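Grab your viewer and work through the exercises below. Each one comes with a worked solution, so try it yourself before reading on.

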Amino acid sequence: MATSTFLAVALDLGTTAIKAGLLDESGNLGGIVSRPAPEVAVNGGRYESDALAYAQVAEQVLGECRVLAGVLPLGLCSQRSSFLIWDRATGQPVSPLISWQDNRGAASCEALRQEEGVIRELTGLRLAPYYFAPKLRVVFAERPELRAGLERGELLAGMLDTFLIWRWSGGRHFVTDASMAARTLLMAMRSQRWSPTLCDLFGIPLSVLPEIKPSLGLNLPLDNGLTLKASMGDQSAALMASVGGNSRDVLVNLGTGGFAMRYLEEGEAALAGYLLTLVYQDSRSHGHVAMEGTLNSLATALAPYPVGECGSADFARDEIFCLAEPSGLGAPYFRNDLGMRFSAPVGHLSQHRVGCLLLEGIVFRVARMLEDFHRAAPIGRVLLSGGLSELVALQQGIVQCAPCEVLRLEQKDSSLHGAALAAAGMESAQRSGAVKIQLERNDHALEEKYRRWKDWFDALLAE
């Protein structure tokens, strides 16, 4: 395609892959360049990687993509809650890139448990270790010299978006957008500003935090010749690309982790336990919100097993129930004590069989979230995205258990697509690339096992 047909370039800062792509005049995404993200080292509950290596891969990917199109508006989307601390003078990281998966913030959560009601009221989120504030509080306790350096202005702390925007603007812009700030446990949802109350609770000086900007309508010139027009969390970008503002559609994204998300109408509250997510703040500083349930570390759970060989006929063949989240249950439960587990021993089973049980567990967790959403307000459609959504067994399992029709987005890079659309100032795509998933077989065995799984799961939650 000619260079003139491209409207924007986008960059997706993922956990396992870093991707760039180009948006054409029809709103289609192409020219995608992808490279693996630097490996995350896991030590107990700590997940760390090299922030400088991450930045270099991101720059390489963006540069390779730009060869096809030249200078265009840039849209950025990022994994939420991964952060680092770096030296203002040199730009060199003085901490690892601490992943959103990192569990060191659990100590903060225990210490602040009595304040959970206040935190939830202000943020719309549960007090959980995945977020920026609990982890940074532990970092300060372990390395007080970093807090001192931040207060003196010698060091800076921020999530991936903040670090890269600062790096690519020669230190002129120390910013984050409202959707990323909303996942720190430091931003008040109503005002969409940093909260002095929350900063005091976590012991984090408000003065060290980046400026909060709208997600859309940015106009930040970067040293690489691009102008940053939009920046947001990856899940926000995926929702924008997939469902626009339709509150009856639910996006289910299954990748490194997973989530189910639907927009809330003005004044509508999120269900108990579910996250209240600021999807994006528009150029008029108006916030658009959604309800979100989450699944943790799915790719980690599935990695050892040949799940690509599993089919829907492999489901509901026994009475073993499963949870498939090794780092603990996400929203609406937030139970670190309930990670990956089976209702009976599986040591005698084949790798294939265990993989099928894990897929069942994912299907049932998704089905439970859809059931909750549907009870609150009828769902029109479910849209599947993300790399794991390409597994036919998962597709078929969700179709069998969902309360409405299920479609698969042919453009699996929905976060990248949403960032590109936002940079170009375009409305969400018309979803011509969403294909209805046809049910291959249904003897109702999986639905019946789902009902029994709910009984088992509810008993676990009650323990």
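**Exercise 1: a buried helix**

In H4, the buried residues are Phe132, Ala133, Pro134, Lys135, Leu136, Val138, Val139 and Phe140. Buried here means under 20% relative accessible area, with exposed over 50% and partly exposed in between (1.4 Å probe, protein chains only). Helices (H or I, at least four residues) and strands (E, at least two) are DSSP runs, numbered from the N terminus.

Before going on, some ground rules: residues are numbered from 1 along each chain as its sequence is written, and side-chain values use heavy atoms, with hydrogens and water left out. The model is predicted, so local features need pLDDT of at least 70 and side-chain atom pairs count only at pLDDT 80 or more, while totals for chains, interfaces and linings use all residues.

Task: work out how many of the residues of H4 are buried, and what follows for the helix.

Solution. Step one: H4 spans residues 132-142, and 8 of its 11 residues are buried. Step two: H4 is therefore largely enclosed by the rest of the structure.

**Exercise 2: H4 against its neighbour**

Two packed helices are described by the angle between their axes and the distance between the axes. Axes are lines fitted to C-alpha atoms, for helices over the stretch in contact, and angles run from 0 to 180 degrees between N-to-C directions.

Task: describe how H4 and H5 pack, and say which residues make the contact.

Solution. Start with the geometry: H4 and H5 (residues 144-152) have axes 4 Å apart, at an angle of about 105°. The two helices are therefore roughly perpendicular to each other (65 to 115 degrees; under 35 counts as roughly parallel, over 145 as roughly antiparallel, the rest as oblique). Next, the contact (heavy atoms within 4.5 Å): H4 brings Val139, Phe140, Ala141 and Glu142, while H5 brings Pro144, Leu146, Arg147 and Leu150. Finally, sort by class: there are 6 nonpolar, no polar and 2 charged residues. For the classes, Ala, Val, Leu, Ile, Met, Phe, Trp, Tyr, Cys and Pro count as nonpolar, Asp, Glu, Lys and Arg as charged, and the others, Gly among them, as polar.

**Exercise 3: two right-handed crossings**

Task: give the angle and axis distance for H1 with H6, then for H11 with H12.

Solution. Take H1 (residues 51-66) and H6 (residues 160-168) to begin with: the angle is about 65° and the axes are 11 Å apart. That makes H1 roughly perpendicular to H6. The crossing of H1 past H6 is right-handed (the near helix is turned clockwise from the far one by less than a right angle; anticlockwise would be left-handed). Among the residues in contact are Tyr54 and Leu62 of H1, and Phe163 and Trp168 of H6. By class, this contact has 10 nonpolar, 1 polar and 2 charged residues.

Now H11 and H12 (residues 392-401): their axes come within 9 Å and cross at roughly 35°. H11 also passes H12 in a right-handed crossing. The contact includes Leu359, Phe364 and Leu370 of H11, along with Leu394, Ile398 and Cys401 of H12. The class count is 11 nonpolar, 1 polar and no charged residues.

**Exercise 4: the buried side of H3**

Task: find which residues of H3 are buried and how they are placed around the axis.

Solution. In H3 (residues 116-123), the buried residues are Glu116, Ile119 and Thr123. They cover an arc of only 65° around the axis, so they sit on the same side of H3 (the arc is that of the directions from the helix axis to the C-beta atoms). Their cover includes strand S11 (187-188), helix H8 (196-202) and strand S18 (275-281). Right after H3 comes Gly124, with a positive phi near 80°.

**Exercise 5: backbone oddities**

Task: what is phi for Leu185 and for Gln192, and are these residues buried or exposed?

Solution. Leu185 has phi near 70°, a positive value in a residue other than glycine. Leu185 lies in the loop between helix H7 (178-181) and S11, and is buried at a relative accessible area of 0%. Gln192 has a positive phi as well, near 55°. Its place is the loop between S11 and strand S12 (193-194), and at 10% relative accessibility Gln192 counts as buried.
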